[in-house]
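Visitor: Could you take me through one part of this structure with some care? I would like to look closely at the sheet and at what surrounds it in the model.

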Amino acid sequence: MPTQTKIQEVESLKARLSGVKTAVLTEYRGLTVQQISDLRKQLRTVSAEYKVVKNRLARRALQGSPLDGLGPHLKGPMGLAISRQDPVALAKALQAYVKANALLQIKLGYVEGQLLQPGEIRALADLPSREALRSRLVGAIQGPLAQLVGLLTAPHRELVYILQQRGKGAAE
């Protein structure tokens, strides 16, 4: 029979997971409390959070939710990194931490309806940020527009140049 505390934990986890765009299962075996605290701080900078979960309670919280596919992979000491915002930022932060501390292992991810393997999460982390993609898009649009403006103003510029030359010739 589940205790009231466990029921509250499941409900709390369900509430935390509602509206999540990205969730990444990690195995934290061998990490110290201080290292997990550092990971949490690093994830907070990208509006994400890290929760060490009890597998049985997490499976119950995931049942019937879009994250249900993560349930069978909850084995061993697991933590869950979640974000309601940019999935690329979460992937980048996790990859940066994994490079600094190889004890953290990425097991599986959920990004906007799709389950991703660790290699796919690494590929997601290699993508440029949303701001970088926007600036590239603006540059790609701005270049041809600047050329178009140059082409459209060329006849006027040439006319002004010819008139200036005639004015100099008439003054002499």
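Guide: What follows is a walk across the sheet, from its strand order to the charged residues linked with its strands. The model is a predicted one, and in it 5 strands make up an open sheet whose order is S2-S3-S1-S4-S5, with antiparallel pairing. At the edges are strand S2, residues 48-53, and strand S5, residues 114-116, each of which pairs on one side only. From one strand to the next, the twist averages 20 degrees. In general, the strands of a sheet pair through backbone hydrogen bonds, in either a parallel or an antiparallel way. At the S5 edge, strand S4, which covers residues 105-111, pairs with S5 in the antiparallel sense over 3 bridges, and Leu115 in S5 is the bridge partner of Tyr110.

The other edge, S2, brings in side-chain charges. Glu49 forms a salt bridge with Arg16, with the closest N and O atoms 3.0 Å apart; because Glu49 lies in strand S2 and Arg16 in helix H1 (residues 4-17), this pair ties together parts that are 33 residues apart in sequence. The structure holds 3 salt bridges.

Turning to the surface, Lys6, Lys51, Lys54, Arg56, Arg59, Arg60 and Lys75 form a positive patch. Helix H3, residues 55-62, gives the most to this patch, with 3 residues, while Lys75 lies in the loop between H3 and strand S3, residues 78-83.

Technical notes. Residues numbered from 1 in each chain as written. Predicted model: local features only at pLDDT ≥ 70, side-chain atom pairs only at ≥ 80, totals over all residues. Heavy atoms only, no water. Pairing = 2+ DSSP bridges. Helix = DSSP H or I, 4+ residues; strand = E, 2+ residues; numbered from the N terminus. Axes fitted to C-alpha atoms, helices over the stretch in contact; angles between N-to-C directions. Patch = residues over 30% accessible without salt bridge, like charges linked within 9 Å, V, L, I, M, F, W, Y side chains within 5 Å. Areas by Shrake-Rupley, 256 points an atom, 1.4 Å probe, with all protein chains shown as cover. Salt bridge = Lys/Arg side-chain N within 4 Å of Asp/Glu carboxyl O. Lys, Arg positive; Asp, Glu negative; His and termini not counted. Charge placed at Lys NZ, Arg CZ, Asp CG, Glu CD.
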